[in-house]
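Subject: Structure for your review

Dear colleague,

Please find below the structure that I am handing over to you. My notes on it follow directly after it.

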Amino acid sequence: MNGKNLLLIYATLRSNFGFQNWWPAETNDEMAIGAILTQNTSWKNVEKAIKSLRESGLLSLKNLSKASIAKIRKSVRSSGFYKQKAERLKLFSSYIVLNYGSLEKFFKKSKRPREELLSIKGIGKETADSMLLYAGKMPYFIIDTYTVRVFSRVFGIKEGLAYDKLQEKVHNLLAGNVPLYQDFHAQIVELAKRFCKKKPLCTACPLAKFCAYKAKS
DNA sequence: AACCAGGAGAGAG
DNA sequence: CTCTCTCATGGT
């Protein structure tokens with residue numbers, strides 16, 4: 001794995017799938033809310049929850065921070081883990097609103113935004129990096145389960161490689177390119193959904209000719 | 001009808 | 001530090 005073949009992988013994905021235009025959100029608040037709701041959950045189920053939040057006027061951190069847990073729960077039930085997620089939305093929104101007033105001010109003023117997000121209960125590395133990359137426009141490459149699976153198969157790196165180490169590796173190879181980080185992650189998700197499953201579809205995979213992993217037929 | 005989805009936290013060893 | 005368990009709805 002080096003900068004050159006990493007870019008080749010991206011170029012190949014992009015030419016196959018086209019620009020993905022992630023994250024599908026109208027506002028930064030909506031983006032951050034979606035990041036919490038999609039934890040180990042399919043995006044389709046998240047969309048229903050977001051729609052319900054919008055109809056209840058809860059699709060902003062300010063309103064979420066003022067809403068009751070019971071009301072939030074009703075809107076986010078379709079996204080699964082709804083009790084946890086209602087609490088997480090409440091905690092996160094309250095933290096941002098009380099300490100900074102808005103998400104935009106948080107990104108602008110926080111000295112160590114990633115560490116600060118990680119200190120909030122319910123915000124882990126992937127959720128934090130998603131918010132930083134797509135809402136904050138900051139260069140944090142997201143390492144999700146798909147990224148680990150795709151990179152381990154394509155480049156032969158071990159699946160156990162820790163989040164921060166793999167992220168550091170990518171950061172060193174693709175220095176601070178926000179639009180690239182954004183679309184690359186989206187492309188990886190698209191590839192994983194279509195081809196790089198547990199039962200892989202390598203024969204049809206656009207990365208087959210570069211990939212270290214070969215399916216047993 | 002088992003399996004998985006754009007994870008995180010807590011506890012055990 | 002690395003497993004393992006829990007949280008839970010909805011689509012295939």
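Which hand does the crossing of helix 5 and helix 6 have? The crossing is right-handed. Please bear in mind throughout that this is a predicted model.

Helix 5 and helix 6

Helix 5 covers residues 69–76 and helix 6 covers residues 82–99. Their axes come within 9 Å and cross at roughly 125 degrees, and helix 5 is therefore oblique to helix 6. From helix 5, the residues that take part are Ile69, Ile72, Arg73 and Val76. They meet Tyr82, Lys83, Ala86, Glu87, Leu89 and Lys90 in helix 6. By class, the residues of this contact comprise six nonpolar and four charged, with no polar ones.

Lys90, which belongs to helix 6, can be followed a little further. With neighbours within four places in sequence left aside, Lys90 is in contact with Leu64, Ser65, Lys66, Ala67, Ile69 and Ile72. Between Lys90 and Asn45 there are 20 Å in space, C-alpha to C-alpha, and the two are 45 residues apart in sequence.

Helix 2 and helix 6

Helix 6 also packs with helix 2 (residues 28–37), at an angle of about 145 degrees and with the axes 10 Å apart. Here too the crossing is right-handed. On the helix 2 side, Ala32, Ile33, Ile36 and Leu37 are involved, and they meet Lys85, Arg88, Leu89 and Phe92 in helix 6. This contact holds six nonpolar and two charged residues, and no polar ones. Leu89 is thus listed in the contact with helix 2 as well as in the contact with helix 5.

Backbone details on either side of helix 2

Two points in the backbone deserve your attention. Trp22 and Trp23 are joined by a cis peptide bond, with omega at about -10 degrees. Trp23 sits in the loop between helix 1 (3–17) and helix 2. In the loop between helix 2 and helix 3 (43–55) lies Asn40. Although Asn40 is not a glycine, its phi is positive, at about 50 degrees.

Pockets

What is the volume of the largest pocket? The value is about 620 Å³. Its lining is made up of 20 residues, and those closest to the centre are Thr38, Thr41, Glu126, Asp144 and Tyr146. Helix 9 (125–135), helix 10 (145–155) and helix 12 (178–194) are the elements that each give two or more residues to this lining. In terms of class, the lining of the largest pocket consists of eight nonpolar, nine polar and three charged residues.

The second largest pocket has a volume of about 190 Å³. There are 17 residues in its lining, and Cys202, Cys205, Ala208, Cys211 and Tyr213 lie nearest the centre. Which element gives the most to the lining of the second largest pocket? That element is helix 10, with three residues. The lining of the second largest pocket divides into 14 nonpolar residues, one polar residue and two charged residues. Helix 10 accordingly appears in the linings of both the largest pocket and the second largest pocket.

With kind regards

Technical notes
Residues numbered from 1 in each chain as written. Chains lettered and ligands numbered in written order. Predicted model: local features only at pLDDT ≥ 70, side-chain atom pairs only at ≥ 80, totals over all residues. Heavy atoms only, no water. Axes fitted to C-alpha atoms, helices over the stretch in contact; angles between N-to-C directions. Helix = DSSP H or I, 4+ residues; strand = E, 2+ residues; numbered from the N terminus. Parallel < 35°, antiparallel > 145°, perpendicular 65-115°, else oblique. Left-handed = near helix turned anticlockwise from the far one by under 90°. Contact = heavy atoms within 4.5 Å. Nonpolar A, V, L, I, M, F, W, Y, C, P; charged D, E, K, R; others polar. 1 Å grid on protein atoms, 1.4 Å probe; cavity = no way out; pocket = protein on both sides within 12 Å on 5 of 7 lines; lining within 4 Å. Points joined across faces, edges and corners; volume = space filled by probe spheres on them.
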